[in-house]
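Colleague: Could you take me through one part of this model in detail? I would like a close look at the aromatic residues and the strands that carry them.

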Amino acid sequence: AATTFDVRYVAGSGLLEAAWAAATQATGEPTPGIPGTGHTMSIAGLTNSTQYAFAIKASDGTNISTISTAVTATPVATATGIAYRRGRGRR
């Protein structure tokens, strides 16, 4: 069973084994759970409207897996609301 995850990403649409060492390593990877368990994580500092490719390797402390199939995502800005109060003008 895996004991650590290594998540990396690059700007663009693909991340292959040959580019793994040059990819940006994410921080805050979750601790692997029981095999088959889903995991989530957030990666800060990405640029909105830029496509990124993400991939993962797992290790059991002795062996390191090959790179996973990369998935892509494009972060978007979250909407922010502006609240204002209309003041009373002269009558």
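Modeller: Happy to! Let's begin with Tyr52, which counts as buried because its relative accessibility is 8%, under the 20% cut-off. Please keep in mind that this is a predicted model.

The ring of Tyr52 pairs with the ring of Phe54: their centres are 6.3 Å apart and their planes meet at 45°, so this pair is tilted. Phe54 is buried as well, at 15% relative accessibility.

Now for the other partner. In total, the model has 3 aromatic pairs. In one of them, the rings of Tyr9 and Tyr52 have centres 5.9 Å apart and planes at 75°, so the arrangement is edge-to-face. This contact joins distant parts of the chain, as Tyr9 sits in strand β1 (residues 4-11) and Tyr52 in strand β3 (residues 52-59), 43 residues apart. Tyr9 is buried too, with a relative accessible area of 12%. Together, Tyr9, Tyr52 and Phe54 make up one aromatic cluster.

The strands themselves complete the picture. β3 is mostly covered, with 6 of its 8 residues buried. β3 pairs with β1 in the antiparallel sense, over 8 bridges, and here Asp6 stands opposite Lys57 of β3. β3 also pairs with strand β4 (residues 71-73), again in the antiparallel sense, over 3 bridges. In that pairing, Phe54 stands opposite Val71 of β4. So Phe54 belongs to the aromatic cluster and also faces a β4 residue across the strand pairing.

Notes:
Residues numbered from 1 in each chain as written. Predicted model: local features only at pLDDT ≥ 70, side-chain atom pairs only at ≥ 80, totals over all residues. Heavy atoms only, no water. Phe/Tyr/Trp six-rings, centres within 6.5 Å; stacked < 30°, edge-to-face > 60°. Helix = DSSP H or I, 4+ residues; strand = E, 2+ residues; numbered from the N terminus. Buried < 20%, exposed > 50% of the residue type's maximum accessible area, 1.4 Å probe, protein only. Pairing = 2+ DSSP bridges.
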